[in-house]
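Reader: I would like to learn how the descriptive words used for a structure are justified. Could you take me through some of them with care?

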Amino acid sequence: MKGSCLCGQVSYEINEPIKTFQYCHCSRCRKFTGSAHAANFFVPPTQFKWLTGEELVGRFEQPDAKYFATSFCKNCGSSLPWATQGGANIVVPAGTLDDELSIKPQRSIFWQSRAPWYEETCDLPKHDTRPVKNT
């Protein structure tokens, strides 16, 4: 499967199988994604390869966090895959894939830390496009 950033200058490839696919509701993931949770899956480093733009990949590590870092495109700011500090896994933001995943999310973690405004989406109205503005 292939993935890329928003501007397309950075691209990568992964090989299945995927170890775990989860939503993380911790405050760090909310800050980095700007959303209610991060949707990440994990693959071993041997199943991951940068195809283009590796020199444009920036990384930020939270000094006091053992299992958190972020990577991003230095051109467009898109989230990108990153290696865990021990190097045992590559964390791949699911939204950066250009292809479809073969699995669905398996769990939500740090649920007690979820944003107080978060609502389960199954009960919200659904629209195929941007809804018409009420006048």
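Reader: Why is Thr20 called buried?

Author: Thr20 has a relative accessible area of 18%, and buried means under 20%, whereas exposed means over 50% and partly exposed lies in between, with a 1.4 Å probe and protein chains only, so Thr20 counts as buried. This is a predicted model, in which local features need pLDDT of at least 70 and side-chain atom pairs count only at pLDDT 80 or more, while totals for chains, interfaces and linings use all residues. Residues are numbered from 1 along each chain as its sequence is written, and side-chain values use heavy atoms, with hydrogens and water left out.

Reader: What makes Trp111 partly exposed and Tyr118 buried?

Author: Trp111 has a relative accessibility of 32%, so Trp111 counts as partly exposed, whereas Tyr118, with a relative accessible area of 15%, is buried.

Reader: How many aromatic pairs are there?

Author: The count comes to 7 aromatic pairs, where rings of Phe, Tyr and Trp (its six-membered ring) pair if their centres lie within 6.5 Å, and planes under 30 degrees apart count as stacked, over 60 as edge-to-face and the rest as tilted.

Reader: Why is the pair of Trp111 and Tyr118 called edge-to-face?

Author: The ring centres of Trp111 and Tyr118 are 6.0 Å apart and their planes stand at 90°, so this pair is edge-to-face.

Reader: Which residues form one aromatic cluster?

Author: Tyr12, Phe48 and Trp50 form one such cluster.
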